[in-house]
Amino acid sequence: MTEMVYGTIPVSTGDPILPRWWRTIDKFALTCVLSLFGIGILLGLASSPPLAERTGMAPFYYVIKQAQFGMLAMITMFITSMMSPKLVRRLATLGFGVTFAIIIALPFIGTDFGKGAVRWLSLGGFSVQPSEFLKPGFIVVAAWLMASAHDLGGPPGRMYSAILAATVCLLLALQPDFGQACLVLFAWGVMYFVGGAPMFLLVGVAGLTIGAGMFAYGNSEHFARRIDGFLSADLDPRTQLGFATNAIREGGFFGVGIGEGQVKMNLPDAHTDFIIAVAAEEYGLVLVGCIALLYMTIVIRSLYRLTKERDPFIRLAGTGLACAFGIQAVINMGVAVRLLPAKGMTLPFVSYGGSSVIASGILIGMLLALTRTRSQGDIGDILLRRGR
């Protein structure tokens with residue numbers, strides 16, 4: 001009768017997507033990500049003109065390309081961060097399946113660009129590194145398998161995830177790409193630990209990893225050369241590590257000044273793997289400390305928000321994504337200061353590279369989606385749902 005007199009009663013279908021996303025997203029972590037991308041463009045202006053001159057390109061050719069890649073990465077990140085956990089899982093599963101198939105075929109269709117490792121897929125005028133896109137997909141799929149083991153009568157998801165991790169690491173090591181293999185294994189180990197793995201099993205995995213490293217040292221010239229260079233007491237100042245170490249030493253606390261650095265003239269990878277050396281030389285420890293603080297803030301805030309999450313899949317996947325993002329930054333900066341052997345790993349959002357920045361956008365988009373504020377429900381409701 002009411003509807004006959006006053007018309008149809010409006011039914012609320014929920015908040016629009018954008019206001020709901022803005023209200024639930026971790027704005028502080030998002031700001032840190034945007035700051036890292038801005039710093040990457042700033043350092044690209046300093047490091048890429050010498051490379052452009054050597055390759056016969058316009059002075060800011062690589063900066064413009066990085067800005068284009070970055071805009072695509074930011075759009076991808078924003079769209080992914082608006083997804084539900086279920087949609088993130090589906091996207092990750094699809095992406096993992098595609099990149100896994102490409103990596104299997106990479107020895108036959110890939111290229112090494114003269115660097116001794118078949119890691120890239122050449123597509124006309126640009127190249128793609130599939131392992132960069134494999135990481136976020138693998139982490140989410142492995143977390144899904146582990147979380148399924150928590151269900152009553154669920155499959156042995158932990159064992160399946162271990163088999164999957166071993167397979168992925170083996171494929172990456174065969175490229176050879178030991179850095180990405182270690183990163184994948186680290187992310188899996190963190191998720192396995194958080195999921196309640198027995199300590200003796202993790203110790204066993206660590207032992208197998210050391211054994212695999214010793215085998216690789218004895219059978220891979222590429223791997224042995226990098227380990228020998230790292231362990232050598234004498235550092236050749238003409239190597240990339242030598243140039244990077246000297247640049248960091250020269251930079252001091254405040255740097256030598258904008259545009260006054262010399263490392264970019266000598267390092268072929270100054271705009272990618274060793275971009276932190278450019279930051280240290282021209283801007284000093286101040287900027288390097290700010291960059292490290294931004295990465296630390298993203299990881300710590302994400303892990304803190306995940307401590308409030310009751311869904312095992314979200315908790316495990318978010319932890320794996322956050323730790324993989326953070327440890328990649330640690331490895332890149334550790335190599336530059338010679339705390340770690342050279343691994344050819346980029347600094348997320350800061351280093352030049354389309355594959356790196358877009359894959360980082362996907363990873364952080366998934367992380368922001370999983371750490372959004374959401375209603376958790378009563379613990380009794382969760383236990384009741386599991387018991388059905």
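Contact here means heavy atoms within 4.5 Å, and the views below are taken from a predicted model.

**View 1. Surroundings of threonine 319 in helix H14.** Threonine 319 lies in helix H14, which spans residues 312–336, and with a relative accessible area of 8% it is buried, because buried means under 20%. When its neighbours within four places in sequence are left aside, threonine 319 is in contact with Val190, Val194, Leu303 and Leu306.

**View 2. Surroundings of serine 302 in helix H13.** Serine 302 is found in helix H13, formed by residues 275–306, and its relative accessibility of 2% places it in the buried class. Apart from neighbours within four places in sequence, the residues in contact with serine 302 are Ala322, Leu367 and Thr371.

**View 3. The aromatic pair of tryptophan 21 and phenylalanine 78.** A pair of aromatic rings is described by the distance of the centres and the angle of the planes. A search of the whole structure finds 10 aromatic pairs; in the pair of tryptophan 21 and phenylalanine 78, the ring centres are 5.8 Å apart and the planes stand at 75 degrees, so this pair is edge-to-face, the cut-off for that class being over 60 degrees. Tryptophan 21 belongs to helix H2 (residues 17–24) and phenylalanine 78 to helix H4 (residues 61–81), so the pair ties together parts that are 57 residues apart in sequence. Tryptophan 21 counts as buried at 8% relative accessibility, whereas phenylalanine 78, with a relative accessible area of 26%, is partly exposed. Ring pairs also bring in Trp22, linking Trp21, Trp22 and Phe78 into a cluster.

**View 4. Charged side chains placed over aromatic rings, at tryptophan 22 and phenylalanine 313.** The charged end of lysine 27 sits over the ring of tryptophan 22, at 5.1 Å from the ring centre, and this tryptophan is a member of the cluster with Trp21 and Phe78. Arginine 89 lies over the face of phenylalanine 313, with a distance of 5.6 Å to the ring centre.

**View 5. A nonpolar surface patch that includes phenylalanine 60.** Leu42, Leu45, Phe60 and Ile64 make a nonpolar patch of about 360 Å² on the surface. Within this group, phenylalanine 60 lies in the loop between helix H3 (27–54) and helix H4, and at 43% relative accessibility phenylalanine 60 counts as partly exposed.

Notes
Residues numbered from 1 in each chain as written. Predicted model: local features only at pLDDT ≥ 70, side-chain atom pairs only at ≥ 80, totals over all residues. Heavy atoms only, no water. Phe/Tyr/Trp six-rings, centres within 6.5 Å; stacked < 30°, edge-to-face > 60°. Helix = DSSP H or I, 4+ residues; strand = E, 2+ residues; numbered from the N terminus. Buried < 20%, exposed > 50% of the residue type's maximum accessible area, 1.4 Å probe, protein only. Lys NZ or Arg CZ within 6 Å of the ring centre and 35° of its normal. Patch = residues over 30% accessible without salt bridge, like charges linked within 9 Å, V, L, I, M, F, W, Y side chains within 5 Å. Areas by Shrake-Rupley, 256 points an atom, 1.4 Å probe, with all protein chains shown as cover. Salt bridge = Lys/Arg side-chain N within 4 Å of Asp/Glu carboxyl O.
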